Amino acid sequence: MFTAKILTLFPAMFPGALGHSLAGRALQKSIWNLDIVDIRNFAKNKHKTVDAPPFGGGAGMVIKPDIVSDAIEASKPHSKIIFMSPRGKKFNQKIAKSLVQDASITVLCGRYEGIDQRVIDYYQMEEISIGDYVLSGGEVAAMVLIDACVRLLPNVMGNCDTTNEESFENNLLEYPHYTRPAIWNTPDGEKITIPEILTSGHHKKIKNWRLEQAKNLTKARRPDLWEKYNKNNK
Ligand code: ADE
């Protein structure tokens with residue numbers, strides 16, 4: 001079973017979003033396992049101190065290396081340790097796919113100004129960022145990463161074909177979706193219909209139309225992906 005181990009100072013934030021919808025149902029069905037380790041349990045004094053001011057001065061507090069290390073050693077992860085950090089490699093679908101190949105992952109969530117660099121280096125942590133913005137901690141980022149991983153596990157998605165058609169497969173953004181009613185009366189009295197082809201019953205034509213839509217969207221919105229798509233489909 002795929003296990004995600006989270007090391008955090010805010011264990012109450014979990015399972016959070018991971019306890020709902022697809023990931024939550026899969027968690028209930030024991031398709032994956034979420035193991036939360038409270039770093040504060042490894043504090044050494046009665047005040048449960050986990051951080052200290054940075055050497056060299058400056059704002060904020062830094063999480064102590066000995067405490068993080070004790071939390072890691074106690075939970076003995078036999079997996080790579082991922083450190084959620086805005087300095088890390090930018091997360092994407094390809095990384096999610098590679099992470100679920102492992103039986104387990106350990107995710108360290110930072111808070112405050114950061115974590116002592118020595119512990120990051122010692123455990124050769126893989127730093128991953130979910131984008132170029134700064135969150136108040138790694139917990140939400142860890143949820144993003146784990147959600148993207150868990151839905152790729154076998155038997156998590158109801159319809160297994162869906163992952164093959166969604167965005168970032170084949171470097172194409174996903175085509176637009178429509179459902180009932182076929183004529184939607186908008187709040188300002190407009191009647192908006194759906195593309196006619198979708199009710200034609202011609203599966204092959206629909207497939208082609210969707211591919212064209214996906215290509216047009218990708219070309220317009222994501223020239224970087226469009227370039228990759230064209231390289232791979234020469
Ligand atoms: N922690 C704070 N900001 C982050 C980000 N953008 N990605 C991952 N972890 C973070």
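Helices and strands here are DSSP runs, numbered from the N terminus. Keep that in mind as we look around the ligand in this predicted model.

**Who surrounds the ligand?**

Strand S5 gives the largest share of the shell around the ligand, with three residues. The full set of residues around the ligand is Met 84, Ser 85, Pro 86, Ile 128, Ser 129, Ile 130, Gly 131, Tyr 133, Val 134, Leu 135, Gly 137 and Ala 141. Sort that shell by class and you get eight nonpolar residues, four polar ones and no charged ones.

**Backbone contacts**

Some of these residues have a polar backbone atom close to a nitrogen atom of the ligand. Here are the distances:

| Residue (backbone N or O atom) | Distance to a ligand nitrogen atom |
|---|---|
| Ser 85 | 3.1 Å |
| Ile 130 | 3.0 Å |
| Gly 131 | 3.1 Å |

On its own, the ligand would expose 260 Å², and the protein buries 96% of that. Two elements, S5 (81-90) and S8, each give two or more residues to the shell.

**A closer look at Tyr 133**

Where does Tyr 133 lie? Tyr 133 is in the loop between strand S8 (126-129) and helix H5 (138-150). Besides being one of the residues around the ligand, Tyr 133 belongs to a nonpolar patch on the surface, together with Leu 135, Val 140 and Val 144. Those four have about 320 Å² of accessible area together.

Why can Tyr 133 count as partly exposed? Its relative accessible area is 44%, and partly exposed means between the under 20% of buried and the over 50% of exposed.

Methods: Residues are numbered from 1 along each chain as its sequence is written. This is a predicted model: local features need pLDDT of at least 70, side-chain atom pairs count only at pLDDT 80 or more; totals for chains, interfaces and linings use all residues. Side-chain values use heavy atoms; hydrogens and water are left out. Patches are made of residues with over 30% relative accessible area and no salt bridge: like charges are joined within 9 Å, nonpolar side chains (Val, Leu, Ile, Met, Phe, Trp, Tyr) within 5 Å. Accessible areas come from the Shrake-Rupley method with a 1.4 Å probe; for residues, only the protein chains shown count as cover. A salt bridge is a side-chain nitrogen of Lys or Arg within 4 Å of a carboxyl oxygen of Asp or Glu. Helices (H or I, at least four residues) and strands (E, at least two) are DSSP runs, numbered from the N terminus. Buried means under 20% relative accessible area, exposed over 50%, partly exposed in between (1.4 Å probe, protein chains only). A residue is near a molecule or strand if one of its heavy atoms lies within 4 Å of it. A polar contact is a pair of N or O atoms within 3.5 Å; within protein, one must be able to donate a hydrogen and the other to accept it, and residues adjacent in sequence count only if both atoms are side-chain atoms. Ala, Val, Leu, Ile, Met, Phe, Trp, Tyr, Cys and Pro count as nonpolar, Asp, Glu, Lys and Arg as charged, and the others, Gly among them, as polar.
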